[in-house]
Structure formats: structure tokens, C-alpha cells
Amino acid sequence: MADAKDTKTLEARCSCGGVQLTFDVPLNLLPLPVYLCHCSLCRYATGSPCTFHTQLPEGLLPKFVGASSEKNLSSWHSKGAGCTYDFCSTCGCHVGGVSLDRKQWTPSTSIFTDHGPENFRINQHVFSKSAKGDGIASLVTHIGGRDLSVWNPAADHPTAKVVESEAEVGDDGEERLRAECQCGGVSFTIQRPTQAVLDDPVLSKFVSPRDKKKWLALYDICNDCRLVTGTHVVAWTFIPLSLCEPRIDSTLKIGTSKTYSTSEGVLRSFCGTCGATVFFSCDERRPTEAQAVVDIATGIIRAPEGVMAEEWFTWRTRPAYLASGVGYDKGFGEALDEGMKRWAVDKYGEELNVNVG
């Protein structure tokens with residue numbers, strides 16, 4: 001066992017505190033290398049655009065702090081995967097991947113209290129081609145002047161196969177967009193903006209200012225979202241509950257979903273089986289039941305064109321809660337902001353910053 005003076009204790013916790021961990025990491029391993037994984041399993045099982053992972057040596061196991069316990073974790077094993085996806089049973093925070101024999105951890109670095117450059121170093125994108133149409137890997141190409149490397153499996157390897165999604169229509173013959181978590185326990189569709197939405201002074205502000213057939217979407221790097229998703233960044237689109245099918249009420253209960261409140265007037269939901277973040281709702285976006293709007297995590301969106309669902313969404317340029325994200329991880333926050341500015345100018349010819357309330 002390594003001497004205490006040769007190790008550094010790194011602390012991690014989820015939003016609710018039900019999972020609090022420490023890892024005694026040998027100094028010669030610091031800063032720990034972090035990779036952003038864009039595979040469909042990571043996206044659909046967290047609801048986020050990608051995961052932030054570091055793989056620890058076999059046998060370097062966590063210590064649970066205080067009342068926290070491994071019993072507070074739920075595990076999801078996808079057929080064929082060499083690990084489980086572990087998440088907090090109460091708030092849904094993705095904690096990491098754990099080998100099937102529980103001897104090796106690949107924790108989410110986004111839940112550590114100090115993500116400073118002396119502890120963690122983001123240096124690589126993996127499975128970027130799995131994110132059809134590009135996403136975070138094309139936005140965050142470098143951090144602090146360092147280029148990030150990119151790794152993908154050989155084209156003929158089974159893991160290189162991109163998960164494709166099909167276009168859908170509703171009973172009325174109109175287009176629908178599927179949202180579904182990894183295990184399929186939460187699955188529903190959304191409609192395009194209707195004339196009733198366009199005529200409503202509350203609902204219409206969530207419609208794209210560039211195309212009235214599309215919704216707004218944005219990246220969010222606030223601390224609350226980071227600690228309930230277990231990733232640095234989550235992306236949201238904003239949809240009236242009345243346009244979700246099957247109909248979902250303000251309790252946000254559908255299928256295998258569970259709910260958790262991060263603050264008064266805020267309700268979030270995640271899949272209780274695989275852990276994927278699904279919804280965020282707040283009192284301010286529910287002036288009446290007919291005008292209730294929810295944020296839907298785009299990591300579970302199944303758009304045929306790709307992860308940014310550009311046939312359905314117009315993306316705001318500025319990430320939400322930029323100062324919060326930069327305060328946690330300056331390099332990543334600034335790189336995402338810069339990348340979105342480039343992307344928006346390339347796609348729209350200008351930066352697009354609108355207030356969604």
C-alpha cells in the first residue's frame with residue numbers, strides 16, 4: 001500500500017450527498033488523464049452529450065465517506081459492456097463505470113470537488129464518430145492552447161457501428177422526435193411547434209427565432225446540473241408538456257422515471273433503471289398547467305440527422321451559466337464557449353443569444 005505522503009486524496013460527491021467518495025491517488029499518476037466519451041451508451045445512459053472519465057488502476061478503489069455507502073448506488077449493465085454504469089439512486093448522478101468484478105473504477109471526474117489542472121487534465125475525445133453529425137468533439141478541439149487528441153475504433157470493428165435513429169410520425173401523420181434513455185424505460189416523442197404555441201406569449205419564446213418549426217436548445221454548465229448528471233455539460237431543449245406523447249403531467253412520472261428536487265420549486269427526473277437524466281422543470285416555467293414547459297436532456301434525443309438534432313433545434317450560442325462552468329473548470333468552460341461561437345457563426349452567420357427565462 002502506498003504511503004500517505006506519496007498519495008493525494010481526491011474527494012467526489014453527487015448532488016444529494018448520498019454518494020460521497022475519496023480516492024487516494026499516487027502522486028505520480030497526477031494529473032489524471034480525462035477523456036470525453038461520445039459513444040451512444042454513454043450519451044443515452046446519462047442524458048448528456050458525453051461523459052468525462054478517467055480510468056484508475058485496478059485495485060485503486062473508493063472509500064465511502066460518512067453515511068454514504070455503496071448501497072446508495074444503482075448499477076446498470078448494458079448487454080455486452082465490460083462494466084456497469086453506476087449512479088446515485090436518489091439524485092441520479094452518474095458516478096462512473098465499474099468493472100464487473102468491482103475491482104476497477106472509471107469515475108466521472110465531473111463530480112470531484114477540485115477539477116484543477118494539478119488533479120485532472122482533459123486530453124482526448126473517444127468514440128467521437130458515434131456522435132453522428134458531430135457535437136462536443138467538434139466544439140471543444142483544444143483546451144488552454146493544447147489540442148485534444150481523438151480516438152475511434154477501426155471502421156470494421158463492431159464498436160464502430162453508429163446507432164441510427166428512424167424518423168417517426170404520430171397518429172395525425174405529423175412528424176415526431178423520439179426521446180429515449182439507454183434501457184428504454186423512459187420513452188416518449190415530442191411534436192413541432194404548433195400554431196397555438198406560436199400564438200401563446202409564454203410558449204412562443206421557446207421556439208427558434210430563425211425557424212418557427214424548430215425549438216431552442218442550449219448547453220448548460222451550471223453546478224447543479226453537473227452534480228445531478230455527473231458530467232461537466234448537459235444540453236437542454238424546451239418543450240411544452242402538452243406536446244409530449246404519451247401525455248406527461250407536472251409530476252414528470254413516465255415509465256421507470258424517478259424524481260429529485262435540487263431546490264425549492266425545481267423538479268428533475270431521471271431513469272431509475274439506467275440513470276439517464278430526462279427532465280428539468282421549475283415553477284417559473286409553469287405559470288399554468290396549459291403553459292407548462294420542461295427542459296428535456298438532448299442526450300436521449302434520437303434524431304436521425306445526429307446528436308444536435310439540427311432539423312428540430314436551433315442552438316443558442318452562449319452556454320448557460322458560463323461563469324459557473326468556468327469557475328469549476330476554466331479550460332473546458334472557455335473552450336466550449338469559444339467553440340459555440342465558431343459553430344454559430346459558421347451555421348447561422350452570427351451569434352445567437354436569446355433569453356429562455
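Start by selecting Thr22 and Lys63: Lys63, in strand β5, is the bridge partner of Thr22. Strands here are DSSP runs of E with at least two residues, helices are runs of H or I with at least four, and both are numbered from the N terminus. Before you go on, note that this is a predicted model, in which local features need pLDDT of at least 70, side-chain atom pairs count only at pLDDT 80 or more, and totals for chains, interfaces and linings use all residues. Residues are numbered from 1 along each chain as its sequence is written, and side-chain values use heavy atoms, with hydrogens and water left out.

**The sheet around Thr22**

Now show residues 20-26, which make up strand β2; two bridges join β2 to β5, and the two run antiparallel. Two strands count as paired if DSSP finds at least two bridges between them. Add β1 and you have an open, antiparallel sheet of three strands in the order β1-β2-β5. Because β1 (7-13) and β5 (63-64) each have a single partner strand, they stand at the edges, with one side left without a neighbour in the sheet.

**A hairpin**

Next, select residues 73-76 and 83-88. These are strands β6 and β7, paired in the antiparallel sense over four bridges. Leu73 has Cys88 of β7 as its bridge partner. Six residues lie between the strands of this hairpin, where Gly80 takes a positive phi near 90°.

**The largest pocket**

Strand β7 also leads to the next stop, as one of the elements that give two or more residues to the lining of the largest pocket. The volume of this pocket is about 810 Å³. Of its 33 lining residues, select the closest to the centre: Cys39, Leu41, Ala81, Tyr85 and Phe127. Which element gives the most to the lining? That is α1, with five residues; α1 spans residues 40-46.

A pocket is an open set of points on a 1 Å grid over the protein atoms alone, with protein on both sides within 12 Å along at least five of seven lines; a cavity is a set where a 1.4 Å probe fits but cannot get out, and lining residues have an atom within 4 Å of a point. Points are joined across faces, edges and corners, and a volume is the space filled by probe spheres set on them.

**Cavities**

The structure holds three cavities of 30 Å³ or more. About 230 Å³ of space lies in the largest. Among the 24 residues lining the largest cavity, Arg43, Ile301, Gly306, Val307 and Met308 are the closest to its centre.

**His125**

Select His125 in strand β10, residues 120-126. Is this residue buried or exposed? His125 counts as buried because its relative accessibility is 1%; buried means under 20% relative accessible area, exposed over 50%, and partly exposed in between (1.4 Å probe, protein chains only). A polar atom of the His125 side chain lies 2.7 Å from the backbone oxygen of Val140. Beyond its neighbours within four places in sequence, His125 is in contact (heavy atoms within 4.5 Å) with residues including Leu36, His38, Ile136 and Trp151.

**A second open sheet**

Finish with the four-strand open sheet, antiparallel and ordered β14-β15-β16-β19. Its edges are β14 (168-169) and β19 (244-245), each with a single partner strand, so one side of each has no neighbour in the sheet. Strands β15 (175-180) and β16 (187-190) pair over four bridges, and Ala179 has Phe188 of β16 as its bridge partner.

Definitions and conventions. A polar contact is a pair of N or O atoms within 3.5 Å; within protein, one must be able to donate a hydrogen and the other to accept it, and residues adjacent in sequence count only if both atoms are side-chain atoms.
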